[in-house]
Amino acid sequence: MSIDTPPYRMANDGRLVGDPWRRRGGAGESGGILEALADWDPSEDLVFARTVQFDAAGVREDTGLPTGWPLKLGVVWRSADARSRGAGNVVLVEGDRVDEELHVSIQGTQLSSSVELITLVTLGMPIDKAPIRAWRAGSILWQDAQSIDLSGGSRFPMQSIPFSGWAWPAGAIWRLEWDASELDVAVLGSLCVYLNQDHPLHAALVGRANEPQAHAIRAAMYHDIARQLIRGALDSDEFQADRKYPARSIGRTIQGLINSAFRGVGLEHLRQEMRQSPEVFEARLQDRLRLFEGVG
Amino acid sequence: MQLYPRLVGARARELVKGHREGSIAEVHAAGLALFESFVRADAIAGVGIEYTETGGARARHDTLAEVREALLSIATEHGYAPEGESKQLSTDEARVIDALWAVCLHERMQISRDEAGRAGVWAFLGCVLLPGLVRWRFARTGIPPANRFTGSLQRNTFYRLWWRAELLRDPEHVEPYWLLSALGEDEQVQFVERPSLAGCRALVLPAARLFIELVRPRDDIGNQMKVMRELTKRMLRLLGIVAFELLTPLQCTAMARGLIDDTLEGMNIAETADPLAELSRPAWMSKLFSTMGLTTLAQVAELNMKAAAQAKGVGRLRLRQLGPVVESARHLLTERASASPQPSTAVEAVVPAEKSGVDRADALRFSSRCASAPAPCARGRRPRRLAGCASRRRGSAAQSKDPAGTETFAPATTDVEPERVESARFSGAEAELLAKWAHLELMDYAALREHSKGAERRLVRQVFGEYDRFFESLAAWRARER
């Protein structure tokens with residue numbers, strides 16, 4: 001969304017209630033809130049559905065529309081990484097209350113690491129302009145969104161390879177691959193953590209072993225990845241704290257990292273500290289990123 | 001869907017060092033050696049190659065070779081010489097090459113958006129499959145930056161072309177990739193490289209089509225790129241508050257048209273060089289039909305004929321084609337006035353309560369003419385000429401703007417019979433249908449196909465798809481009415 005606050009009245013939250021989104025005809029079919037599909041493959045199309053109860057009269061009242069003015073109830077999907085959007089079914093509502101099943105079918109080739117399902121109520125046809133009242137057809141009067149992770153749940157894309165075969169330092173255990181000058185691009189596809197499968201500690205990184213040693217190695221790797229991302233972004237003049245990077249992009253991911261580690265601290269302050277007192281900054285990173293927390 | 005070999009970024013950067021330093025012929029030879037090595041072993045010694053694990057089948061080596069040959073063939077036709085002296089490309093030639101390569105990549109690669117979002121795929125194309133082409137394409141500006149070869153997701157030579165073809169492909173058009181050659185380089189960038197805008201094809205495609213149709217031919221607009229930048233800013237502002245995906249294609253086209261008009265107005269550029277073209281605006285016509293009665297229709301018909309007499313070429317055709325809509329609307333109202341003289345609330349639907357009393361009285365008065373004098377309005381008869389309306393165009397005394405900026409129509413001096421009038425008004429739904437019909441008539445495919453050229457012709461073909469859907473709606477509505 002490029003505008004967060006529309007220049008007109010929106011409907012109250014409770015005007016539409018319904019079941020959570022569910023997947024039709026797939027392994028992810030369940031009654032709970034659908035947050036991730038671990039087994040999804042881009043060659044597989046997806047169908048989602050939900051049933052909603054819609055108080056159209058209430059929406060008209062909240063938004064200053066005349067009684068019976070046509071509204072549209074529908075669903076829009078978006079996959080930010082794939083730069084794709086589309087619509088599911090749309091219902092023209094002229095009555096006061098509606099119970100409806102919303103459904104959407106999405107081609108797998110149009111999706112990437114996530115999909116957002118947005119339930120919408122919009123103005124069904126244009127109306128004369130009036131103060132703080134929506135007037136364009138399609139103006140959004142109510143919405144809610146559910147994001148579904150399709151990336152398989154990995155925190156960062158990882159791949160095991162033999163470093164020696166690629167002429168990389170054979171003694172290294174991991175290597176982060178990314179480009180700090182491209183912050184708008186999706187994490188999936190442009191950032192990858194390579195793990196050296198020749199390294200004796202490789203098994204500790206990829207396995208689910210709970211020994212303190214394996215735990216410590218994984219903690220060190222996550223710390224190092226976060227550290228490289230934060231330092232890379234702070235070194236780049238293109239990275240800005242208030243810029244709106246696309247969902248699941250590298251820029252947005254780093255903003256999240258910095259916000260959670262250094263809440264309330266300005267970006268320029270951090271840049272200055274990193275350049276002028278790198279040893280203090282490194283120590284602060286260890287502290288804020290909680291290196292080795294829970295280990296041992 | 002196919003999965004392409006992905007070149008690891010660090011290795012791509014190492015290869016690029018050599019590619020940037022060599023001549024075009026040397027880089028071509030280096031690329032060929034790398035590719036042959038890859039074909040022999042499905043790997044390149046010392047170079048990291050990987051594949052996405054799921055989502056399709058690995059592209060066969062001969063598929064890669066076909067993509068390579070197809071792009072090379074286009075290049076060779078335009079002066080690329082793998083073993084000799086290549087011709088340097090001008091800016092225009094580079095644009096042509098880009099458009100041809102974009103189509104070729106998009107048609108041949110057969111990859112999903114997920115795969116096309118992976119940097120390594122494009123690094124493989126730029127560093128292994130076709131580095132000579134990258135070197136040649138950007139030779140005009142000296143040595144190409146490294147990111148034209150590598151997996152840079154914004155600058156890689158082939159990545160940006162594939163995505164342009166993917167996002168600007170116009171499936172309704174007889175030549176689906178026409179926008180790649182019709183839009184300039186910077187104009188394509190405006191649409192494609194803004195992440196939030198790029199995915200909204202429901203708005204981007206009509207805006208691009210209309211930009212080509214309305215702005216491109218305008219000699220009086222010197223800096224068309226500035227218009228494009230202002231237009232995309234307005235599009236971005238609307239994206240946050242309008243769900244374009246829930247609108248019909250016609251509504252999206254009307255919205256895009258409104259944005260272009262607002263952009264031009266905001267830049268103090270006359271809306272259009274051809275005022276007659278205004279009559280084809282669906283939003284304008286919808287307003288027209290929903291606020292007028294028969295008398296105003298007669299005014300429009302009169303205005304139409306007058307304008308058509310002055311217009312030339314396609315403009316004349318457009319105006320003449322509005323005639324059947326006006327006549328049919330007239331017939332509809334006449335039938336209704338005769339058949340159902342009962343008062344109804346139809347007027348309420350078309351004259352909003354918050355509008356001034358004068359407007360509503362005018363609406364009643366207009367309609368009264370229809371109800372009280374159906375005979376002169378019968379189908380096929382020439383509309384009566386009304387005082388003061390003969391040659392007015394948009395913006396003249398035939399219409400004015402209320403304080404909210406909404407167009408209204410000036411009152412006619414006639415007698416009133418309100419009871420009979422109300423049933424002779426168009427409802428909001430009827431008005432919308434008539435507006436659609438009028439728009440479609442103006443764009444009538446069969447007639448315009450013979451007389452239009454270029455962008456106009458493409459637009460006509462695009463709109464034609466709406467024709468059948470409209471008549472289905474009209475038939476359903478008429479069945480309900482009966």
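**Exercise 1.** In this predicted model, work out how many residue pairs are in polar contact across the interface of chain A and chain B, and which elements of chain A supply the touching side.

*Solution.* Start with the pairs: the rule picks out eleven residue pairs in polar contact between chain A and chain B, with both partners at pLDDT 80 or more. Next, go through the elements of chain A. At least two residues each come from strands S4 (71-79), S5 (84-93), S7 (114-123) and S10 (174-177), and from helix H2 (187-190). S5(A) gives the most, with five residues. Finally, sort that side of chain A by class: you get 22 nonpolar, 17 polar and twelve charged residues.

**Exercise 2.** Find the extent of the A–B interface and its salt bridge count.

*Solution.* First, contacts: 51 residues of chain A meet 56 residues of chain B. Then the area: about 4,200 Å² is buried between the two chains, and carbon and sulfur atoms give 53% of that. Last, the charges: the count between chain A and chain B is one salt bridge. A:Arg85 pairs up with B:Glu245 here, their closest N and O atoms sitting 2.8 Å apart.

**Exercise 3.** Count the disulfides over all chains, then explain why B:Cys200 isn't in one.

*Solution.* The count is zero over all chains. For B:Cys200, look up the closest cysteine sulfur, which belongs to B:Cys252. The gap is 7.2 Å and a disulfide needs the sulfurs within 2.5 Å, so they're too far apart for a bond. Now check burial: B:Cys200 is buried, with a relative accessible area of 0%. B:Cys127 is buried too, at 0%.

Definitions and conventions. Residues numbered from 1 in each chain as written. Chains lettered and ligands numbered in written order. Predicted model: local features only at pLDDT ≥ 70, side-chain atom pairs only at ≥ 80, totals over all residues. Heavy atoms only, no water. Contact = heavy atoms within 4.5 Å. Buried area = accessible area lost by both parts, 1.4 Å probe. Salt bridge = Lys/Arg side-chain N within 4 Å of Asp/Glu carboxyl O. Polar contact = N/O pair within 3.5 Å; in protein donor to acceptor, adjacent residues only side chain to side chain. Helix = DSSP H or I, 4+ residues; strand = E, 2+ residues; numbered from the N terminus. Nonpolar A, V, L, I, M, F, W, Y, C, P; charged D, E, K, R; others polar. Buried < 20%, exposed > 50% of the residue type's maximum accessible area, 1.4 Å probe, protein only.
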